[in-house]
Amino acid sequence: RHVLVRHSLLNDEILVVLVTAAQILPGSKNFVNKVREFCPKITTIIQNINPRSTSAVLGDKEKILYGKGYIIDELCGVKFRISGSSFYQINPIQTEKLYNAAISAAGLNGKQSILDAYCGVGTIGLSAAKMSKSVIGVELNKSAIQCAIQNVRDNNVKNAKFICDDATQ
């Protein structure tokens, strides 16, 4: 149905998500081998299953066909684990400029608490964490929250917490 491709500028890794309607992907091993032969920079291939006939591209179930299931990229000096179904800006160079401008405009001085609603993998909150008292991120996507929690650990951030919940509540 769809193909989603993400690229890490940090490690030159590529993640590919193949969205299918059916859970079974005949010839998946051959498919993975051919794709990897064609493009060895692909480090992760994921099958996302979306049987619904809606405008939503991604479904709720995933199978890792090859690799570790995520890539690592960096924004504003912070490394981020990015899974197939978690949101990540498509232009990290411009995103970093935007985040730096927003953080500067916020006038953070280490006394403010940040609420990062719809936080995804935590890019905004973790980029601003060192200039704030605390960060709380809220995201409904379980895969994204798992990445955000791991991103806190991987970057040794002590003042950020991420919660899997609906940010509209």
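This is a dialogue on reading the sheet, the salt bridges and a surface patch in a predicted model.

Student: Where should I start with the sheet, and what is the order of its strands?

Tutor: Strands of a sheet pair through backbone hydrogen bonds, either parallel or antiparallel. Here an open sheet of 4 strands runs in the order β1-β2-β3-β4, with mixed pairing. β1 (2–7) and β4 (61–66) stand at the edges with a single partner strand each, so one side of each has no neighbour in the sheet. From one strand to the next, the twist averages 20°.

Student: Which sense of pairing do β1 and β2 have, parallel or antiparallel?

Tutor: β1 and β2 are antiparallel, over 6 bridges. One bridge to look for joins V5 to its partner V16 in β2. In the hairpin of these strands, 6 residues lie between them, and D12 takes a positive phi near 60°.

Student: And in which sense do β2 and β3 pair?

Tutor: Strand β2 (residues 14–20) pairs with strand β3 (residues 42–49) in the parallel sense, over 7 bridges. V17 has I46 of β3 as its bridge partner.

Student: Which helix lies across these strands?

Tutor: Helix α1, residues 28–38, lies across β2, β3 and β4. Its direction is at about 145° to β3.

Student: How do I read the side chains along a strand?

Tutor: In a regular strand the side chains alternate between the two faces of the sheet. For individual residues, check burial and contacts. Take L18, which is in strand β2. L18 counts as buried because its relative accessible area is 13%, and the cut-off for buried is under 20%. Leaving aside residues up to four places away in sequence, L18 touches H2, V3, L25, F31, I46, Q47 and N48.

Student: What about T20: which residues does it touch?

Tutor: T20 is also in strand β2. With a relative accessible area of 12%, T20 is buried. Its contacts, not counting residues up to four places away in sequence, are R1, L25, Q47, N48, I49 and N50.

Student: How many salt bridges does a search of the whole structure find?

Tutor: The search finds 2. For each one, read the distance, the place of each partner in the chain, and the exposure. D12 forms a salt bridge with K41, and the closest N and O atoms are 2.7 Å apart. This pair links distant parts of the chain, 29 residues apart: D12 is in the loop between β1 and β2, and K41 in the loop between α1 and β3. D12 is partly exposed at 32% relative accessible area, and K41 is partly exposed at 43%.

Student: Which residue forms a salt bridge with E13?

Tutor: The partner of E13 is K68, with the closest N and O atoms 3.1 Å apart. E13 lies in the loop between β1 and β2, and K68 in the loop between β4 and β5 (70–75), 55 residues away. E13 counts as buried, at 9% relative accessibility, whereas K68 is partly exposed, at 41% relative accessible area.

Student: Which residues form a nonpolar patch on the surface?

Tutor: The patch consists of L115, I136 and I163, which together have about 260 Å² of accessible area. L115 is in strand β7, residues 113–117. L115 counts as exposed because its relative accessibility is 61%, and exposed means over 50%.

Note on methods
Residues numbered from 1 in each chain as written. Predicted model: local features only at pLDDT ≥ 70, side-chain atom pairs only at ≥ 80, totals over all residues. Heavy atoms only, no water. Patch = residues over 30% accessible without salt bridge, like charges linked within 9 Å, V, L, I, M, F, W, Y side chains within 5 Å. Areas by Shrake-Rupley, 256 points an atom, 1.4 Å probe, with all protein chains shown as cover. Salt bridge = Lys/Arg side-chain N within 4 Å of Asp/Glu carboxyl O. Helix = DSSP H or I, 4+ residues; strand = E, 2+ residues; numbered from the N terminus. Buried < 20%, exposed > 50% of the residue type's maximum accessible area, 1.4 Å probe, protein only. Pairing = 2+ DSSP bridges. Axes fitted to C-alpha atoms, helices over the stretch in contact; angles between N-to-C directions. Contact = heavy atoms within 4.5 Å.
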